[in-house]
Amino acid sequence: MIRHDYSRVDPKRRANIDHKKRQFANPEFKQQNYEHRLNYYILPPTAEITLEEFETWAINRLKVLSELEACSFRNRTPEETAEYMTSILNKYMPLRSNSSRSQSLQEERKKDHYSHFILRLAFSATEDLRRRFSRLETMLFRLRFKDDDLRERKEFISNLNLEWEEVGESEKREFATELAAASGIKKGDEQEWFKVDWERVPELVEQRKVLLKRGKAYVPQREQMSLVVAEFTKRLDEALELTARALPRLDEDDRLAPILAHLSQSFTSPDAAYSSSDASIDGLSAPTANSIDTLSKHFPLCMQNLHMTLRANSHLKHFGRLQYTLFLKGIGLSLDECINFWRRSFKLMTDEKFQKEYKYNIRHAYGDVGGDANRRGRGYTPYSCQKLLTEPLPGTGQSHGCPYRTFTQDNLVALLQRTGINDRDLLKTVREDVSKQRYHVACNRVFEHAHKREIKKVKDDGSWSATDLDTILHPNTYFKRSWLLKHLGEGNAGMANGGDKMEE
Amino acid sequence: MPHSVSPEPTPHEDSPMPQADAVPIKTEPDTQTPDIDMSDAPIPTNAESTKVNLDDLFDDDSDPEFGSSIPQVKSEEPSQRSPSPIKISSKSSFSDPEIMRTFYQRLFPFRYLFQWLNHSLVPANDFAHREFAFTLPNDAYLRYQSFATADLLRKQCIQLLPSRFEIGPVYSANPRDRKSLRKASAFRPLTKELVFDIDMTDYDDIRTCCTGASICHRCWAFITMAIKVVDVALREDFGFKHIMWVYSGRRGAHAWVCDKRARDMDDSKRRAVAGYLELLKGGDQSGKKVNVRRPLHPHLDRSLNILKDHFQTTILAEQDPWAEEKAAHLLQLLPDHTLRAALQKKWDSSPSRPSPAKWADIDALAKSGSISKSAKDLLEAKQDIVLEYTYPRLDSEVSKKLNHLLKSPFVVHPGTGRVCVPIDPRKVEEFDPLSVPTVTQLLTEIDEFEWDDSDKKIADWEKTSLKPFVEFFRGFVAGLLKDEKSGVKREREESGEAMEF
Ligand SMILES: [Zn+2]
């Protein structure tokens with residue numbers, strides 16, 4: 001049933017399938033035989049499956065992809081990710097090698113094949129979903145490629161017919177030193193090399209892991225994975241584009257549409273989303289430009305850093321300004337007050353320059369100006385930790401991002417000390433956290449330390465549930481929780497600032 | 001340099017539009033929340049890319065001195081070859097409408113600009129579907145302008161007198177028609193030169209001779225070094241041939257890589273090139289900015305060889321980066337505790353030692369035994385320091401996106417009045433930004449030109465000091481067109497074969 005939708009994708013393109021592929025494309029509604037464990041997912045499924053299989057398989061794959069995404073968010077290393085994913089893959093999407101001689105090989109591969117194509121349909125609607133899907137499918141493919149049986153992997157690759165030119169002996173000798181330096185492989189170690197147009201291995205080029213000569217990249221054998229993966233991504237991206245264009249026709253099948261819609265929705269927000277309820281905090285009167293200095297003691301380190309930088313320089317570069325503006329919007333600072341805040345903070349700037357170059361951007365962030373969609377959506381959502389942890393590192397002169405990630409350990413400790421964190425053991429543990437790239441763990445640890453007393457109280461008297469004290473994944477959650485904890489029972493007993501040692 | 005990204009950098013929605021068909025400022029923001037998109041993924045290649053990216057809206061790196069307001073534009077156009085002298089007085093400002101009008105009428109090399117962007121002498125879509133963006137005298141910013149011919153572009157310039165204009169990608173349809181297209185996806189950027197932007201602001205933490213917008217010969221050497229390193233990498237490593245370097249008019253330089261192979265690159269490939277060339281990592285608080293594995297990648301090894309000599313002259317002798325207490329940063333970059341302590345002691349007693357002496361102290365003290373790590377470690381640390389102070393600092397965001405706009409060559413920088421002239425990379429050492437002609441100077445040169453009979457046919461630019469630059473540009477364009485022609489021929493042959501199949 002999926003097949004007939006696909007066959008209508010683009011007649012011209014289908015005609016381009018070469019003879020080899022055409023012979024495979026012939027049989028309709030027939031079981032396919034899966035020779036290899038790995039799959040480039042070139043050919044769409046051709047056999048019937050039940051509606052239940054359709055949904056279950058898709059949900060299982062979705063589970064796998066979501067867990068993969070979570071791994072990348074937690075900055076797990078490839079090894080940690082592989083280890084973590086093993087049980088999940090075994091449970092939801094086992095995929096065994098030929099050598100396992102399992103009875104269910106074909107069934108497993110069929111499920112892998114079909115579920116991939118179902119999710120393709122579900123996630124091709126927007127550019128954003130396509131990009132995420134492609135990224136996660138690539139991660140999954142890489143993971144499986146790595147642990148594939150060596151011999152079977154070789155067979156799979158040779159079956160792909162990728163055009164790789166081997167580097168001859170004389171050229172290997174001529175460039176021996178450079179080849180070794182570029183790849184990090186010791187000179188003299190036996191090694192085969194391929195020569196390809198550099199555009200085919202952008203990843204390796206970006207990381208300077210290959211030698212480049214006049215537009216050709218010299219790729220060592222062991223980086224073959226990179227080539228195979230890049231090719232996988234490329235083909236998937238192209239296919240997703242085509243699916244997107246064919247998508248409207250899918251509405252014809254009204255049994256599938258709701259399932260697909262549901263799938264894509266459940267994929268849309270695994271990230272800690274900012275909720276507008278974060279902006280309304282019991283007992284906190286609307287913040288003003290004047291109150292930010294006082295409130296800033298409740299800010300997470302990323303925002304405190306921006307605040308201090310702003311105070312020190314009377315300026316912030318644009319990414320920092322954007323990050324901070326959205327955060328301030330998120331704590332409930334009104335547009336007018338926000339404009340006030342920036343106007344006063346940029347002490348050295350003329351009014352004219354401010355009006356001309358800065359005000360519009362603040363208004364835009366609030367959705368006060370811009371196109372319909374921006375206004376409707378009230379501008380942009382405050383950044384989550386995930387966003388801050390995955391964006392490119394700041395350049396010189398910039399101070400946005402998450403300091404746990406962007407600062408050296410020494411500078412990070414100095415910054416923490418400036419915010420009043422002096423506990424030696426804590427600082428030591430924070431160092432360990434960040435060296436393992438567990439940035440959000442470090443941040444939560446600092447939070448718990450700074451609010452030790454209050455957390456104990458709300459736990460003891462049961463006034464806060466466990467969810468209320470869940471790991472913080474959003475700077476605005478950090479603020480809200482900090483403020484509330486530091487103003488416990490303010491309405492009745494004035495606990496505010498009572499005895500806490502959150503030094504300023 | 002203020003780099004304009006596809007979205008409007010400085011929107012002025014209330015500015016009156018000087019002309020009926022001028023496109024109003026369009027700000028359709030991205031409808032998705034930034035959270036969904038966690039990667040620094042490329043701007044989508046469909047029409048979404050015409051929407052404003054909020055990050056870009058916050059781009060404030062605009063030129064501090066830019067933007068003097070000048071009187072309203074007169075609508076009537078004076079005769080093209082005004083026989084009367086141009087009347088330059090010492091009071092004339094660079095962006096005076098009469099000056100700009102005369103500049104566009106008589107000096108701007110529209111013909112070669114057209115050929116450059118069109119890749120052929122016959123008008124084609126490479127030019128017609130190319131986006132131009134104008135910054136008008138009242139600071140309004142007009143996106144999605146396009147022109148079928150060089151002459152139409154020229155007419156528009158003479159009419160609107162933009163203080164500058166920028167060049168964007170070639171789109172899949174005429175940018176002026178983008179709203180009438182039935183499907184939004186029918187309008188997307190297809191090709192554009194691979195561009196680079198090197199700006200002195202990125203050197204502010206190591207530049208000691210000047211601050212802000214000003215430059216001198218000493219700090220221009222940073223740009224010279226950068227051009228040398230990037231140019232050779234683009235040619236030898238990536239195999240690009242048609243690379244045009246352009247002075248940005250004040251304190252930086254742009255590169256336009258015009259090879260077809262470069263123009264066709266999607267964002268992931270642009271990102272790859274930018275990443276390959278990028279070395280310094282981390283913000284001001286991240287400490288050591290150079291962290292590279294050994295042995296050095298051949299590109300870095302070659303760069304280091306180019307930069308070594310500059311380090312001695314440009315950095316140590318001329319910038320004196322570690323004067324007095326600034327030596328602390330140097331100490332921070334040395335990994336050896338023993339050596340650091342010995343140096344600290346020595347410099348505490350004579351803080352005014354000039355940087356070359358301090359640099360020499362490192363080896364001297366190491367030789368005398370104040371060292372706990374290996375000589376190799378020290379050598380590598382010193383190499384890293386050389387790279388931190390000399391390696392090009394590119395504004396890589398500009399290079400990563402197909403739909404980024406960049407200021408056109410040969411426009412006038414509104415702050416300095418200097419023309420954005422090409423720089424010959426073979427003679428990059430000789431290029432002197434402070435002697436680049438200003439628009440007023442050029443117009444005076446036309447006035448003062450001595451006529452004689454043999455000079456009857458010459459163009460106005462030939463009468464001025466713009467001449468060598470226009471000639472260089474003409475030569476560059478001719479070389480590009482020649483390669484383009486043979487490329488087209490080859491493509492035809494190939495597709496011919498395919499059709500037989
Ligand atoms: Zn200078």
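Start your tour by selecting E324(B), which sits in the loop between α9 and α10 (327-333) of chain B. Keep in mind as you look around that this is a predicted model. The phi angle of E324(B) is near 50°, a positive value in a residue that is not glycine. With a relative accessible area of 41%, E324(B) is partly exposed.

**Next stop: Y41(A)**

Now switch to chain A and pick Y41(A), in the loop between α3 (19-25) and α4 (51-73). This residue is not a glycine either, yet its phi is positive, at about 55°. Is Y41(A) buried or exposed? Its relative accessible area is 5%, so Y41(A) is buried.

**While you are in chain A**

Zoom out and colour chain A by secondary structure: you should find 28 helices and 4 strands. Of the 504 residues in chain A, 53% are buried. If you display contacts between residues at least 6 apart in sequence, 68% of those in chain A join residues at least 24 apart. Turn on the surface, too: the accessible surface of chain A is about 24000 Å², and carbon and sulfur atoms account for 48% of that.

Before leaving the chain, select K329(A) and Y366(A) together. K329(A) lies over the face of Y366(A), 5.8 Å from the ring centre.

**The zinc ion**

Go to the zinc ion and show the side chains around it. Which residues coordinate the zinc ion? The donors are the SG atoms of C209(B), C210(B), C216(B) and C219(B), at 2.2 to 2.3 Å. The angles among these 4 donor atoms run from 100 to 120°, and the site is tetrahedral. Along the sequence, the donor residues follow the spacing C-C-x5-C-x2-C. C209(B) lies in the loop between β5 (194-199) and α6 (217-237) of chain B, while C219(B) is in helix α6, so this pair ties together parts that are 10 residues apart in sequence. Colour the two by accessibility and they part company: C209(B) is partly exposed at 26% relative accessibility, whereas C219(B) is buried at 0%.

**Along helix α6 to an aromatic pair**

Stay with chain B for the aromatic rings; across all chains there are 53 aromatic pairs. Select W116(B) and W256(B). Their ring centres are 5.0 Å apart and their planes meet at 80°, so the pair is edge-to-face. W116(B) belongs to helix α3 (residues 110-118) and W256(B) to strand β7 (residues 252-257), so to speak a link between distant parts of the chain, 140 residues apart. Both W116(B) and W256(B) are buried.

Then pick W220(B) and F431(B). Here the ring centres are 5.8 Å apart and the planes are at 40°, so this pair is tilted. W220(B) lies in helix α6 of chain B and F431(B) in the loop between β9 (422-423) and α15 (439-448), so the pair ties together parts that are 211 residues apart in sequence. W220(B) is buried, with a relative accessible area of 4%, and F431(B) is buried as well, at 12%.

**Two last selections in chain B**

Select K358(B) and W347(B) next. The charged end of K358(B) sits over the ring of W347(B), 5.7 Å from the ring centre.

Finish at R294(B) and P295(B), and look along the backbone. A cis peptide bond joins R294(B) to P295(B), with omega at about -5°. P295(B) has its place in the loop between α8 (267-277) and α9 (298-319) of chain B.

Methods: Residues are numbered from 1 along each chain as its sequence is written. Chains are lettered from A and ligands numbered from 1 in the order in which they are written. This is a predicted model: local features need pLDDT of at least 70, side-chain atom pairs count only at pLDDT 80 or more; totals for chains, interfaces and linings use all residues. Side-chain values use heavy atoms; hydrogens and water are left out. Donors are N, O and S atoms within 2.8 Å of the metal (3.2 Å for Na, K and Ca); water is not among the atoms, so sites may look incomplete. Four donors count as tetrahedral if all angles lie between 85 and 135 degrees; four count as square planar and six as octahedral if opposite donors are over 155 degrees apart and all others between 65 and 115; anything else is irregular. Helices (H or I, at least four residues) and strands (E, at least two) are DSSP runs, numbered from the N terminus. Buried means under 20% relative accessible area, exposed over 50%, partly exposed in between (1.4 Å probe, protein chains only). Contact means heavy atoms within 4.5 Å. Accessible areas come from the Shrake-Rupley method with a 1.4 Å probe; for residues, only the protein chains shown count as cover. Rings of Phe, Tyr and Trp (its six-membered ring) pair if their centres lie within 6.5 Å; planes under 30 degrees apart count as stacked, over 60 as edge-to-face and the rest as tilted. A charge sits over a ring if NZ of Lys or CZ of Arg is within 6 Å of the ring centre and within 35 degrees of the ring normal.
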